[in-house]
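User: I'm new to this one and would like to talk through what the labels on it mean. Could you show it to me, and then I'll ask about them?

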Amino acid sequence: MSDGARTFWQNARLVLSCTLVQSAVYALLNHYPLFPPRQLPLTALDDAIPFWTWTVWPYLLLLALAPLLPLLIRGDLVFRRLFLAYLLAIPTTFAFFVFLPTEYLRPAAPSDGSLTSAAYRWLIEVDTEGCCFPSGHVVVPVLFGCGVWLDGRRGGALLCVLVGLLTPSILTTKQQYAWDLLGALAIVAGSLFVAYQVIRPPTPAALPAEPSDELKGEPGASATGVYSTIDSGR
């Protein structure tokens with residue numbers, strides 16, 4: 001397909017396989033870093049943002065949107081561009097996790113018996129303090145949130161706004177640094193730029209040339225008439 005519409009199942013097969021591979025590699029690097037991780041300096045924004053455990057729910061929703069958003073894209077050209085951007089963004093992100101690993105020292109987890117506190121404790125057990133910069137949890141939902149908007153889907157702009165509203169939860173849950181957010185946005189912007197340069201829209205077929213002004217209106221304007229005129233003069 002070059003410029004047609006994609007089906008849900010076409011996207012689902014590809015998204016499922018990529019999600020499984022990405023999750024497996026991330027879990028491996030998150031729990032077993034190849035090099036000792038280091039901490040980044042806290043910014044004024046990191047210090048100013050409070051620790052709100054209730055924002056674990058927006059954070060989990062942000063994670064859930066990552067594999068769901070690409071399923072909504074129907075334009076084949078947009079999907080191919082976004083998938084190429086994904087293939088550029090994720091290896092770039094994982095390269096930092098491998099060679100320049102970082103970690104965020106989190107505050108003590110709440111110990112009360114509320115559902116929110118239990119969800120937060122489960123989160124930090126599954127997702128350790130490693131693999132911070134850049135934020136892979138931001139790269140994918142922001143990338144495909146842009147894709148749904150670029151695809152012209154109904155409600156695409158609202159989904160982009162939703163992703164934007166959920167993204168700060170990586171800071172209010174004290175999962176990541178402000179640097180991680182900036183790094184993720186830079187990777188998304190760079191990957192989209194390259195993808196749009198590489199995959200261009202198909203050029204329309206060339207139209208037949210117009211007859212010259214000298215031939216317009218003359219009996220010999222058509223190819224048959226021209227050859228007839230030549231033959232009669234021999």
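**How the labels are earned**

Analyst: Here's a starting point: of the contacts between residues at least 6 apart in sequence, 87% join residues at least 24 apart. Keep in mind that this is a predicted model. The protein has ten helices and two strands, and along the sequence they run α-β-α-α-α-β-α-α-α-α-α-α.

User: How many residues are there, and what share of them count as buried?

Analyst: There are 234 residues, and 40% of them count as buried. The protein exposes about 13100 Å², with carbon and sulfur atoms supplying 69% of that area.

User: What makes arginine 6 and aspartate 76 a salt bridge?

Analyst: The cut-off is a side-chain nitrogen of Lys or Arg within 4 Å of a carboxyl oxygen of Asp or Glu. For arginine 6 and aspartate 76 the closest N and O atoms are 3.1 Å apart, so the pair passes the 4 Å test. Arginine 6 sits in the segment before α1 (8-31) and aspartate 76 in helix α4 (residues 76-99), so the bridge ties together parts that are 70 residues apart in sequence. Both arginine 6 and aspartate 76 are buried.

User: How many salt bridges does the structure hold, and which residue does aspartate 76 pair with at 3.0 Å?

Analyst: The structure holds two. At 3.0 Å between the closest N and O atoms, the partner of aspartate 76 is arginine 80. Those two are four residues apart in helix α4, so about one helical turn separates them. Since the bridges share partners, Arg6, Asp76 and Arg80 end up in one network.

User: Why is aspartate 76 called buried, and is arginine 80 buried or partly exposed?

Analyst: Buried means under 20% relative accessible area. Aspartate 76 has 2%, so the label fits. Arginine 80 comes out at 29%. Partly exposed is the range between the 20% and 50% cut-offs, so arginine 80 is partly exposed.

User: How do you know that there's a cavity in there, and how many are counted?

Analyst: Rolling a probe the size of a water molecule over the atoms shows where empty space is left. A cavity is a place where the probe fits but cannot get out. The count is one cavity of 30 Å³ or more. The largest cavity has a volume of about 40 Å³, and its lining includes Tyr26, Tyr59, Arg106, Thr128 and Cys131. By class, that lining has three nonpolar, five polar and two charged residues.

User: What makes a pocket something other than a cavity, and how much space lies in the largest one?

Analyst: A pocket is open, while a cavity is a space the probe cannot leave. The largest pocket holds about 580 Å³ of space. It is lined by 30 residues, and Thr19, Gln22, Ser23, Ala66 and His137 are the closest to its centre. At least two lining residues come from each of α1, α3 (56-68), α4, α5 (115-126) and α6 (136-150). The largest share, nine residues, is supplied by α1. The classes there are 22 nonpolar, seven polar and one charged.

User: Where is threonine 128, and why does it count as buried?

Analyst: Threonine 128 is in the loop between α5 and α6. Its relative accessibility is 16%, and the limit for buried is under 20%, so threonine 128 counts as buried. Setting aside neighbours within four places in sequence, threonine 128 is in contact with Asn30, His31 and Arg106.

User: What is notable about the backbone at cysteine 131 and at proline 134?

Analyst: Most residues other than glycine have a negative phi, and most peptide bonds are trans. Cysteine 131 has a positive phi, near 55°. A cis peptide bond joins phenylalanine 133 and proline 134, with omega about -15°. Cysteine 131 lies in the loop between α5 and α6, and proline 134 is found in the loop between α5 and α6 too. At 5% relative accessibility, cysteine 131 counts as buried.

User: And what is phi at lysine 174, and why is lysine 174 called buried?

Analyst: Phi there is near 55°, a positive value in a residue other than glycine. Lysine 174 sits in the loop between α8 (169-172) and α9 (178-198). Its relative accessibility is 10%, so lysine 174 counts as buried.

Conventions:
Residues are numbered from 1 along each chain as its sequence is written. This is a predicted model: local features need pLDDT of at least 70, side-chain atom pairs count only at pLDDT 80 or more; totals for chains, interfaces and linings use all residues. Side-chain values use heavy atoms; hydrogens and water are left out. Buried means under 20% relative accessible area, exposed over 50%, partly exposed in between (1.4 Å probe, protein chains only). On a 1 Å grid over the protein atoms alone, a cavity is a set of points where a 1.4 Å probe fits but cannot get out, and a pocket is an open set with protein on both sides within 12 Å along at least five of seven lines; lining residues have an atom within 4 Å of a point. Grid points are joined across faces, edges and corners, and a volume is the space filled by probe spheres set on the points. Ala, Val, Leu, Ile, Met, Phe, Trp, Tyr, Cys and Pro count as nonpolar, Asp, Glu, Lys and Arg as charged, and the others, Gly among them, as polar. Contact means heavy atoms within 4.5 Å. Accessible areas come from the Shrake-Rupley method with a 1.4 Å probe; for residues, only the protein chains shown count as cover.
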